[in-house]
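This report describes how the parts of one complex meet. Please look at the structure below before reading on.

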Protein chains: 2
Amino acid sequence: MEADESKRDRTPTLADVARQAKVSTATVSRCLNSPDQVVEKTRTKVLEAVRKLGYAPNFNARALAAKRTNTIGAIIPTMENAIFARGLQAFQEELGRNGTTLLVASSSYQSGLEEEQIRTLVSRGADALLLIGYHRDPEIYEFLRRQGVPVVIAWVFDPKAKFPTVGFDNFSAMKALANKVIRLGHRRIGVITGATQDNDRSTERLRGIRSAMTDAGIPEETLSIAETTYGIAEGGIALEHLMSQPSRPSVVMCGNDVLAVGAIAKAKELGIDIPRDLSVTGFDDLEISKISSPSLTTVHVPHRRMGKEAARMLINMVSKKEGQDKILIETSLEMRESLAEYSE
Amino acid sequence: MEADESKRDRTPTLADVARQAKVSTATVSRCLNSPDQVVEKTRTKVLEAVRKLGYAPNFNARALAAKRTNTIGAIIPTMENAIFARGLQAFQEELGRNGTTLLVASSSYQSGLEEEQIRTLVSRGADALLLIGYHRDPEIYEFLRRQGVPVVIAWVFDPKAKFPTVGFDNFSAMKALANKVIRLGHRRIGVITGATQDNDRSTERLRGIRSAMTDAGIPEETLSIAETTYGIAEGGIALEHLMSQPSRPSVVMCGNDVLAVGAIAKAKELGIDIPRDLSVTGFDDLEISKISSPSLTTVHVPHRRMGKEAARMLINMVSKKEGQDKILIETSLEMRESLAEYSE
DNA sequence: TTGTACGCGTTATCAA
DNA sequence: TTGATAACGCGTACAA
């Protein structure tokens, strides 16, 4: 029983299994990849040898020979907070159902890093890529095209975009919320946004607010903006900044829920009552927005559905099946306690 | 300029670069891997060809030939909440400083899935692995040993463990908190814990509470336990369950902060005032525990330091350098508003 | 149904 | 310092 192991102390290869089962390596390979091409009897013999030797195929060799990895890569801006977690989870689940594994990388919101990650994932043989947002150096898109790697863009939606997309309309979603805010009587609006450079989601959301103000005849100059990196603490600092300005806003609209709960916490600390003294809104409808106190008015984004659809689209593209290449995910307003009517 | 591309429309290889630069593939390879072994003049010539062709090395082929990937894998139980995010971020940063890339997989707290992920990462050529907790089928440890893949275990600490470890003592940390709780006069203790099966962290934490009770002469039977999966909503449901029992606890100790903030939110909903009617404690000291209202008393875990030390240890092991193989990370009590003295 | 033999894109050894 | 050339482990025509 132990005798065979004495040969060497390295990890077994296809050839080892073939020797053990007294067949050719080709047969072993077929047993593993297309079992129905090999007759029952040899198959069991081979599988027995596989089990006995504890053989596991070498992924790299396989990828090299087959030019396919059954792997899809995703690059998200951050793993530090929950913004992308839910959508990515659903994305992964759907891939799993298809026997595809997910490789995740995070770019820390830095486009330079993102390009590096893209090249890394491609050189690792990812069959396709999920990317967040359109904004990207044209050169990298050209690189992907030349490499023949299918890409789906998520978390944004532009019907005219050249790339397959599964996402929502950041502009309209935020504009709808801003319209609501204005209808409630607010005129002095403050904004806490994530960095807008290289980030079309935050840029579009901000544009949505501006557009709603213009429509309502509120001069754009009255908008006070604090730009910061995403984070709870950062949201708090930004709020403090906004509230220390001469003309205090009556509402602070945040680029996402993480910033918003940070703002709410800081407001409490400063003795500002929400929503009596100040209204606050978020974006995303993460779980924390429900348990925040007061609970957070926000834009609900069906992240799980977005992740699932994106996975399906990519799977289709890899197997060159036809299908939609643009899916719009509808968002909705989630009215909770943190936004109230403005009354002087 | 364009002429060379007409040859083929596939991604350029070493050989293409070699042809273009009129050198051998070996030289090109050396230019990329050990540039000082090749003379300045040829090097610039080669790099020029690389740039012109947009050459990117094929990772799989490289791994196959070099038997090394400069990649370390990590398998964490979940990406859905922040429990592991902070530590993993620091882990990745430290790896990056060493030119090592991180491959993450999540097991959804299922040991079967985790084994699969381990095999996947190994077959992908991960040079080493970071795993959470000791509890694991001996067979998988044997597999790892035979494959010669170094492993570091984190988030736990047992001085007698056979494996290199960077972590904290879940038992003692939770016991310290329980001692504090008891010293404040609490006798009827409720617990909301994550699943204890296959999870040594939650098991140890629970054992810590039991031990503190025993030390204080509180009968173990008075402990009421709700076991659930980690999640904000789940924490709420568990709290409701505990509070609907005949003998209501005066304090609910939660297995982590996520469960705790869920419990707090639900308590509010039920009109239970915290900490007047009920005290609540957490574990981890995530960012939400500070902004929770009332703020959450919890155990502070220096996640970032743990991640960083784990990375260093693994890097050392891969390069076969000597070094510590057991690092204890100290935790501390973080007293905040949600835990108060018990007074009938 | 099974086996032979070549190719995948690198790295590494050994000569030159 | 550079160039041939043999691995690396697997998939897959093609032949048997």
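## The surface near DNA strand D

In this predicted model, DNA strand D is surrounded by 23 residues, of which Leu14(A), Tyr55(A), Arg62(A), Thr27(B) and Thr42(B) are the closest. Of the atoms of DNA strand D that come within 4 Å of the protein, 72% belong to sugar and phosphate. By class, the residues of this surface are 13 nonpolar, seven polar and three charged.

Several polar contacts can be described individually. A polar backbone atom of Leu14(A) is 2.4 Å from a phosphate oxygen of DNA strand D. The side chain of Arg62(A) has an N or O atom 2.8 Å from a phosphate oxygen of this strand. A base nitrogen of DNA strand D, in turn, is 3.5 Å from a polar backbone atom of Ala61(A). Helix 2 and helix 4 of chain A, and helix 2 and helix 4 of chain B, each supply at least two residues of the surface near DNA strand D. The most, four residues, comes from helix 4 of chain A.

## The surface near DNA strand C

DNA strand C has 25 residues around it, and those that come nearest are Thr27(A), Thr42(A), Leu14(B), Ser29(B) and Tyr55(B). Sugar and phosphate make up 68% of the atoms of DNA strand C that come within 4 Å of the protein. The surface near this strand has 14 nonpolar, eight polar and three charged residues.

Two side chains reach phosphate oxygens of DNA strand C: a polar side-chain atom of Thr42(A) lies 2.7 Å from one, and an N or O atom in the side chain of Arg62(B) is 2.8 Å from one. At a base, the side chain of Arg30(A) has an N or O atom 2.8 Å from a nitrogen of DNA strand C. Helix 4 of chain B gives the most residues to this surface, namely four.

## The interface between the protein chains

Chain A and chain B each bring 36 residues to their contact. Together they bury about 3700 Å², with 52% of this area on carbon and sulfur atoms. Helix 4 of chain B provides five residues, the largest share of the side of chain B that touches chain A. That side comprises 16 nonpolar, 13 polar and seven charged residues.

How many salt bridges are there between chain B and chain A? The count is zero. Polar contacts do occur across this interface, with 13 residue pairs found where both residues have pLDDT 80 or more.

How values were computed
Residues numbered from 1 in each chain as written. Chains lettered and ligands numbered in written order. Predicted model: local features only at pLDDT ≥ 70, side-chain atom pairs only at ≥ 80, totals over all residues. Heavy atoms only, no water. Contact = heavy atoms within 4.5 Å. Buried area = accessible area lost by both parts, 1.4 Å probe. Salt bridge = Lys/Arg side-chain N within 4 Å of Asp/Glu carboxyl O. Polar contact = N/O pair within 3.5 Å; in protein donor to acceptor, adjacent residues only side chain to side chain. Nonpolar A, V, L, I, M, F, W, Y, C, P; charged D, E, K, R; others polar. Near = heavy atom within 4 Å.
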